[in-house]
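Okay, can everyone see the screen? I'll put the sequence and the structure up, and then we'll walk through a few spots together.

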Amino acid sequence: MAIAKAERLMNLALCLLGTRRPLSKRELRDSIEAYVEAFGPGNGATGSDDSFNRMFERDKDDLRELGLVIETVENLDGETGYLARRDSNRLPPITLDAEEAAALGLAAKVWQQARLAGAASGALQKLRAAGLPEDVDPYGSHGALEPRIPVHEAAFEPLMLACRDRRPVAFDYRKATAAHPEQRHVEPWALECWRGHWYLAGWDRDRGAERVFRLSRITGKVRSRGGRYTAPVPDVVTVRETVASWAGEVADRSARIRLRAGAGYPLRAKATSVRELGDGWDELEIPYGHGLDAWLVEFGPDVVVLEPAELRADVVDRLRAVAKG
C-alpha cells in the first residue's frame, strides 16, 4: 500500500510539474493510472467522484507537505485547475554556517509542542540532506528554558498554508465591538504572534485596504478561494510593523486608568507612573496606542479608564458587545 501511494504521488507530481497550463481534477483523474483504476474515468458515478475528491485533496496536501508548491488557478469558466511551476519548485544550493544551522534548529524546536511538529521535523530532514551540519542537535538540551509557541486556534494551520501558497481565503470574523461575525475575504500575508495572541495581516478585498485579524476572533472554517492576489505583498518587516501598530505596540499618547491593587501586573510593567489611591485601587499612566482598548477589556472589572474619553468609550463598547454575546 505504501509503495502504491508513493507511486501515485510521484505520478501526480510529474503531471503538475510537466504541464504548461493548469489541469482540472477531471484531467488529472483521467491522466493518472492509479486514479483510473480506483475510480474509473472522470464521468463516473457520484460516489466515485466523492471518493476521488477526498483522495485527491489528501494527495495534494501530502505533496505540499513534502515541499511541492502547487498553484490553484481559476479559469474564465470558473473551473479550478492545478499546476506546479518549475521555477517555483527549484532551490539554489543551500549552504549554512554553524550559527545559521543553530538558529534553524532552535526554530524547529520551538514548534515541537505545536501542531507543526511534523512539518518541523520534515524540514530538518531536508536541511540535513542539503548540508545542515550533523553536529547541530536542535532537540538537545541547551539550557533550563525551552522555547515554545502556543497555537490553539483552529484557523492557524489553514491560514499558515494560505500564506505560504499565496491563496486568498474567506472566513467569518467577529470584531470585539460586534455581537455577530461577518464574512471577510482576505489575501493573507503573514502570521505574527504578539502578547501570546496570533494575528493575521493581509489585504481585505471588501474594504480595499490592509487589515489585521486576531485569530481567536475567527469563527468557523477558513475557506480557500481561487484566483491570484490583487495587491502587492509587503516585505516581512513592514508586515510586523503593521501587526504591532494594530495590536497596540506603537503608542503615541498616554492614558490614565484605575487598577485594582494586586491585579494587572502586565499593565503595571508598561506603566510610566503608578500612584496609590487607597481603598484597594491604584492610578496608572500607561502608553496609549491602537489596540489598548482590547487589552484593557481582558482585565474586566479590575480596570477603570479615567482618560482620554475616546478610550473609555471604546472600552465600554467592547464590554457591551461581550455582554450581548
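So, Glu 71: buried or exposed? It counts as buried, because its relative accessibility is 16% and the cut-off for buried is under 20%. Keep in mind that this is a predicted model. Glu 71 sits in strand E2, which covers residues 71-74. What does its side chain pair up with? There's a polar contact of 3.0 Å between the side chains of Glu 71 and Arg 85. If you skip the neighbours within four places in sequence, Glu 71 is in contact with Gly 81, Tyr 82, Leu 83, Arg 85, Ser 88 and Arg 228. Take Gly 81 from that set: along the chain Glu 71 and Gly 81 are 10 residues apart, and their C-alpha atoms are separated by 8.3 Å.

Now the sheet around that. E2 belongs to an open sheet of three strands, ordered E1-E3-E2, and the pairing is antiparallel. Strand E1, residues 23-24, and E2 are at the edges with a single partner strand each, so each has one side without a neighbour in the sheet. How many bridges join E2 to E3? Four, with strand E3 being residues 80-83 and running antiparallel to E2. One pair to click on is Val 73, whose bridge partner in E3 is Gly 81. As a reminder, strands of a sheet pair through backbone hydrogen bonds.

Next, another charged residue. Lys 60 is in helix H4, residues 46-65, and Lys 60 counts as buried because its relative accessibility is 6%. Where does the side chain of Lys 60 find a polar contact? On the side chain of Glu 57, at 3.0 Å. Helix geometry is handy here: with 3.6 residues a turn, residues three or four places apart in an α-helix point the same way. Not counting residues up to four places away in sequence, Lys 60 touches Leu 12, Ile 70 and Tyr 82.

Leu 12 brings us to the nonpolar core. The largest one has 17 residues, and the ones with the most contacts inside it are Leu 12, Leu 16, Leu 28, Tyr 35, Phe 56 and Leu 63. Which helices supply at least two residues each? Those are helix H1 (2-18), helix H3 (33-39) and H4. Have a look at Phe 56: beyond four places in sequence, Phe 56 touches Leu 12, Lys 25, Leu 28, Tyr 35 and Tyr 82.

Moving along the chain, there's a run of antiparallel strands. Strand E4, residues 169-173, is joined to strand E5, residues 182-194, by five bridges, and one of the pairings puts Asp 172 opposite Gln 183 in E5. E5 also pairs with strand E6, residues 197-204, in the antiparallel sense over eight bridges. There, Glu 187 has Trp 203 in E6 as its bridge partner.

In E5 we also find Arg 184, and Arg 184 is buried because its relative accessible area is just 4%. A 3.0 Å polar contact joins the side chain of Arg 184 to that of Asp 204. Arg 184 has a long contact list beyond its sequence neighbours, including Val 169, Phe 171, Tyr 173, Asp 206, Arg 211 and Phe 213.

For the backbone fans, some oddities. Most residues other than glycine have a negative phi, and most peptide bonds are trans. Arg 166, in the loop between H7 and E4, has a positive phi of about 55 degrees although it isn't a glycine. Arg 166 is partly exposed, at 38% relative accessible area. Asp 279 also has a positive phi, near 60 degrees, and lies in the loop between strand E10 (273-278) and strand E11 (281-289). Asp 279 counts as exposed because its relative accessibility is 78%. Then there's a cis peptide bond between Glu 307 and Pro 308, with omega about 5 degrees.

Last bit, confidence. The protein chain averages a pLDDT of 80, and 76% of the residues score at least 70. Which elements sit at the two ends of the range? Helix H6, residues 117-130, has the lowest mean pLDDT at 61, and E4 the highest at 95. Over residues 141-145 pLDDT stays under 50, and the model has one contact beyond four places in sequence for that stretch.

How values were computed
Residues are numbered from 1 along each chain as its sequence is written. Side-chain values use heavy atoms; hydrogens and water are left out. Buried means under 20% relative accessible area, exposed over 50%, partly exposed in between (1.4 Å probe, protein chains only). Contact means heavy atoms within 4.5 Å. A polar contact is a pair of N or O atoms within 3.5 Å; within protein, one must be able to donate a hydrogen and the other to accept it, and residues adjacent in sequence count only if both atoms are side-chain atoms. A nonpolar core is a set of buried Ala, Val, Leu, Ile, Met, Phe, Trp, Tyr and Cys residues joined through side-chain atoms within 4.5 Å. Two strands pair if DSSP finds at least two bridges between them. pLDDT is the predictor's confidence in each residue, from 0 to 100.
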